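Thank you all for coming; I would like to take a few minutes to walk through one model, and I will try to keep to what can be read from the coordinates.

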Amino acid sequence: MERTITATEANREFSRIFREVAAGESYIVTARGKPLVRIAPATTGGQQDDARVARLHGLLDDLAALPACAPGRITREDGYA
């Protein structure tokens, strides 16, 4: 169930709303009577997150396998290049 709350109320009661959203509640925040934002519990990506984490670990493994090299002296001008 989504509850509607004004932006002023949301600002004043943020801690309570945060706890309720963490428990599964959703809110529509309005400003001047018009819907502005939805505050809802975050959902996990499931398999998408797992695949992303696997790709990240693969990248880190690849980077760890690269030989270390000293870049030499780095100047301020190098930052502009």
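I will begin with the sheet, go on to the salt bridges, and finish with a patch on the surface.

Please keep in mind throughout that what you see is a predicted model, and that the values I quote are computed from it.

Let me start with the sheet, which is open, has three strands in the order 1-2-3, and shows mixed pairing. Its edge strands are strand 1, residues 2–6, and strand 3, each of which pairs on one side only. If we ignore direction, neighbouring strands of this sheet are turned against each other by 30 degrees on average. As a general reminder, the strands of a sheet pair through backbone hydrogen bonds, and they do so either in parallel or in antiparallel fashion.

How does the mixed pairing arise here? Strand 1 and strand 2 run parallel and are joined by five bridges, whereas strand 2, residues 26–31, and strand 3 pair in the antiparallel sense, also over five bridges. To give one position for each pairing, R3 stands opposite Y27 in strand 2, and on the other side A31 has K34 in strand 3 as its bridge partner.

Two residues of strand 2 are worth a pause, and I take S26 before T30. S26, which is placed in strand 2, has a relative accessibility of 13% and therefore counts as buried, the limit being under 20%. Leaving aside residues up to four places away in sequence, S26 touches M1, E2 and R3, and also I39, A40 and P41. T30 is likewise placed in strand 2, and with 12% relative accessibility T30 counts as buried. With that sequence neighbourhood again left out, the contacts of T30 are T4, I5, T6 and A7, together with P35 and L36.

Is strand 3, then, largely buried or largely in the open? Strand 3 covers residues 34–39, and of its six residues the number buried is zero, so this strand lies largely in the open.

Between strand 2 and strand 3 there is a hairpin with two residues between the strands, and in that hairpin R32 takes a positive phi near 55 degrees. I draw your attention to R32 since this positive phi, about 55 degrees, is found although the residue is not a glycine. R32 sits in the loop between strand 2 and strand 3, and at 87% relative accessibility R32 counts as exposed.

Now to the salt bridges, of which the count comes to five; I will go through three of them in turn. R3 forms a salt bridge with E25, where the closest N and O atoms are 3.4 Å apart. Since R3 lies in strand 1 and E25 in the loop between helix 2, residues 14–22, and strand 2, the pair ties together parts that are 22 residues apart in sequence. R3 itself is partly exposed, with a relative accessible area of 34%.

The next pair is E13 with R16, whose closest N and O atoms are 3.3 Å apart. Both partners are partly exposed, E13 with a relative accessible area of 32% and R16 with one of 29%.

R16 also meets E20 in a salt bridge between their side chains, at 3.1 Å from N to O. E20 and R16 both lie in helix 2, four residues apart, which is about one turn of the helix, and E20 counts as partly exposed at 22% relative accessibility. Which residues are joined when we follow salt bridges that share partners? They are R3, E13, R16, E20 and E25, and these form one network.

Lastly, I turn to the surface, where L56, L59, L60, L63 and L66 form a nonpolar patch whose accessible area comes to about 490 Å² together. One of these residues, L56, is placed in helix 3, residues 47–65, and L56 is partly exposed, with a relative accessible area of 47%.

To close, I would ask you to take away three points from this predicted model: an open sheet of three strands with mixed pairing, a network of salt bridges that joins R3, E13, R16, E20 and E25, and a nonpolar surface patch that L56, L59, L60, L63 and L66 form. Thank you, and I am glad to take comments.

Key: Residues numbered from 1 in each chain as written. Predicted model: local features only at pLDDT ≥ 70, side-chain atom pairs only at ≥ 80, totals over all residues. Heavy atoms only, no water. Patch = residues over 30% accessible without salt bridge, like charges linked within 9 Å, V, L, I, M, F, W, Y side chains within 5 Å. Areas by Shrake-Rupley, 256 points an atom, 1.4 Å probe, with all protein chains shown as cover. Salt bridge = Lys/Arg side-chain N within 4 Å of Asp/Glu carboxyl O. Buried < 20%, exposed > 50% of the residue type's maximum accessible area, 1.4 Å probe, protein only. Pairing = 2+ DSSP bridges. Contact = heavy atoms within 4.5 Å. Axes fitted to C-alpha atoms, helices over the stretch in contact; angles between N-to-C directions.
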